[in-house]
Amino acid sequence: HAELRQSLSEREDEVVQRTAQLREALRELDRVACTDPLTGALNRRGRDEFVRALAAQGARLGSVAVLLIDVDHFKAYNDRYGHRAGDEALRASVAAIRAEVREGADAVVRTGGEEFCVLIPGVGRARVLNIARAILLGMYRRDIEHRDSEHGRLSCSIGVAMAYAVDELETAMDRADEALYRAKRRGRNGYCF
């Protein structure tokens, strides 16, 4: 009986260990499924999960700032410097964005080729405008040459809007998109609210 108990105990330990490994593998698969492989930003699925988590907070959520960011003249950048340099430029852009947001609390999402969305819960208008300025400055400080830009270096344009409930996010996204196009019409390398 002692040998049988020992054998069962060892098997139970193996099952516990294997279960922990499988849970970790599932967490990693979920992370990969929600992440853009090039930039490490969230993808659409990751954005949707982030929004679901916000919705679960309900009334405690407060406001959510929406920043839509477009890397200026990116097609011209890719044409001149090549796709490998373009990939590096996108990674640098995400790094500039991430440097200004709270890891784990805010979401940086790649929504298209050179387009990004940042969702920042619990901040007011003044704070989000400071974040937009800091992202622009962070891009500028990366000093990535771009001869086909009026600024001589890689830059971005940002549209900013606020949502005061999760069910207002889509409307805020539309307003941020309109603000982004105003920033582009004003000469790029800027932001509009």
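Which helix is Ala 76 found in? Ala 76 sits in helix H3, spanning residues 74–81 (helices are DSSP runs of H or I with at least four residues, strands are runs of E with at least two, and both are numbered from the N terminus). The model is a predicted one, with local features needing pLDDT of at least 70 and side-chain atom pairs counting only at pLDDT 80 or more, while totals for chains, interfaces and linings use all residues. Residues are numbered from 1 along each chain as its sequence is written, and side-chain values use heavy atoms, leaving out hydrogens and water.

Ala 76 counts as partly exposed because its relative accessibility is 26% (buried is under 20%, exposed over 50%, partly exposed in between, with a 1.4 Å probe and protein chains only). Leaving aside residues up to four places away in sequence, Ala 76 touches His 146 and Asp 148 (contact means heavy atoms within 4.5 Å). Asp 148 lies 72 residues from Ala 76 along the chain, yet their C-alpha atoms are separated by 6.4 Å.

Turning to pockets (open sets of points on a 1 Å grid over the protein atoms alone, where a 1.4 Å probe fits, with protein on both sides within 12 Å along at least five of seven lines; lining residues have an atom within 4 Å of a point), the second largest is lined by residues including Leu 68, Thr 111, Phe 116 and Lys 184. Strand E1 (64–71), strand E3 (115–121) and helix H6 (169–185) each give two or more residues to that lining. H6 gives the most, with 6 residues.
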